Amino acid sequence: MRKYLVMAMRTPRFDDSVIVPHRDWLTAVRERGQLVETGRFTDGSGGAYVITAENLAAAQELIRTDPIHTTGASELTVHEWEITG
């Protein structure tokens, strides 16, 4: 399994009603052993999380099911994450 950093930047369509479904989604991903860590940006612009997946395509497929993506509340980008040091 490889690690992937997901950057989630809020769009003008962001609405607080998506927060609970997003957190529930994160909980489900964590319970499957695929969520490493998560956090929000203190300036309110969005957040990030680290997931594990077999490859980039699998990581992209997973994040496409995140409610902040499916509602258009945030724009998600995913990058393979290599921890050094």
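**Exercise 1. Salt bridges**

Task: State how many salt bridges a search of the whole structure finds, and name the residues that form the pair.

Solution. The model is predicted.
Step 1. Searching the whole structure turns up one salt bridge.
Step 2. Its partners are arginine 2 and glutamate 80. Their closest N and O atoms lie 2.7 Å apart. The cut-off is 4 Å, so the pair qualifies.
Step 3. Place both residues. Arginine 2 belongs to strand S1 (residues 2-10), and glutamate 80 to strand S4 (residues 74-81). With these positions 78 residues apart, the pair links distant parts of the chain.
Step 4. Recall the principle: side chains of opposite charge can pair when their charged atoms come close.

**Exercise 2. Accessibility of arginine 2**

Task: Classify arginine 2 as buried, partly exposed or exposed.

Solution.
Step 1. Take the relative accessibility of arginine 2, which is 45%.
Step 2. Compare it with the limits: buried is under 20%, exposed is over 50%.
Step 3. The value falls in between, so arginine 2 counts as partly exposed.

**Exercise 3. The sheet**

Task: Work out the strand order of the sheet and say which strands are at its edges.

Solution.
Step 1. Four strands make an open sheet in the order S2-S3-S1-S4, and the pairing is antiparallel.
Step 2. Look for strands that pair on one side only. These are S2 (35-40) and S4, the edge strands.
Step 3. Add the twist. On average, neighbouring strands in this sheet are turned by 15° against each other, ignoring direction.
Step 4. Go through the pairs. S2 and strand S3 (residues 46-53) run antiparallel and are joined by five bridges. Here glycine 39 stands opposite alanine 48 in S3.
Step 5. S1 and S3 are antiparallel, with eight bridges. Methionine 9 has glycine 46 in S3 as its bridge partner.
Step 6. S1 and S4 also pair antiparallel, over eight bridges. Valine 6 faces valine 78 of S4.

**Exercise 4. Helices and fold**

Task: List the elements in chain order, and describe the overall dimensions of the chain.

Solution.
Step 1. Count the elements: three helices and four strands.
Step 2. Read from the N terminus: β-α-β-β-α-α-β.
Step 3. Test compactness. The radius of gyration is 12 Å, close to the 12 Å given by the globule rule for 85 residues, so the chain is as compact as a globular protein of that length.
Step 4. Take the extent. The C-alpha trace spans about 35 × 25 × 20 Å along its principal axes.
Step 5. Check burial and surface. Of the 85 residues, 38% count as buried. The chain exposes about 5,500 Å², and carbon and sulfur atoms supply 50% of that.
Step 6. Check contact range. Among contacts between residues at least 6 apart in sequence, 68% join residues at least 24 apart.

**Exercise 5. Serine 74**

Task: Is serine 74 buried or exposed, and which residues does it touch?

Solution.
Step 1. Locate serine 74: it sits in strand S4.
Step 2. Its relative accessible area is 7%. The limit for buried is under 20%, so serine 74 is buried.
Step 3. List the contacts, leaving out residues up to four places away in sequence. Serine 74 touches Ala8, Met9, Arg10, Thr11, Phe14, Ile68 and His69.
Step 4. Connect this with Exercise 3. Met9, one of these contacts, is the bridge partner of glycine 46 in S3.

Definitions and conventions
Residues numbered from 1 in each chain as written. Predicted model: local features only at pLDDT ≥ 70, side-chain atom pairs only at ≥ 80, totals over all residues. Heavy atoms only, no water. Salt bridge = Lys/Arg side-chain N within 4 Å of Asp/Glu carboxyl O. Helix = DSSP H or I, 4+ residues; strand = E, 2+ residues; numbered from the N terminus. Buried < 20%, exposed > 50% of the residue type's maximum accessible area, 1.4 Å probe, protein only. Pairing = 2+ DSSP bridges. Axes fitted to C-alpha atoms, helices over the stretch in contact; angles between N-to-C directions. Rg over C-alpha atoms; globule rule 2.2 N^0.38 Å. Contact = heavy atoms within 4.5 Å. Areas by Shrake-Rupley, 256 points an atom, 1.4 Å probe, with all protein chains shown as cover.
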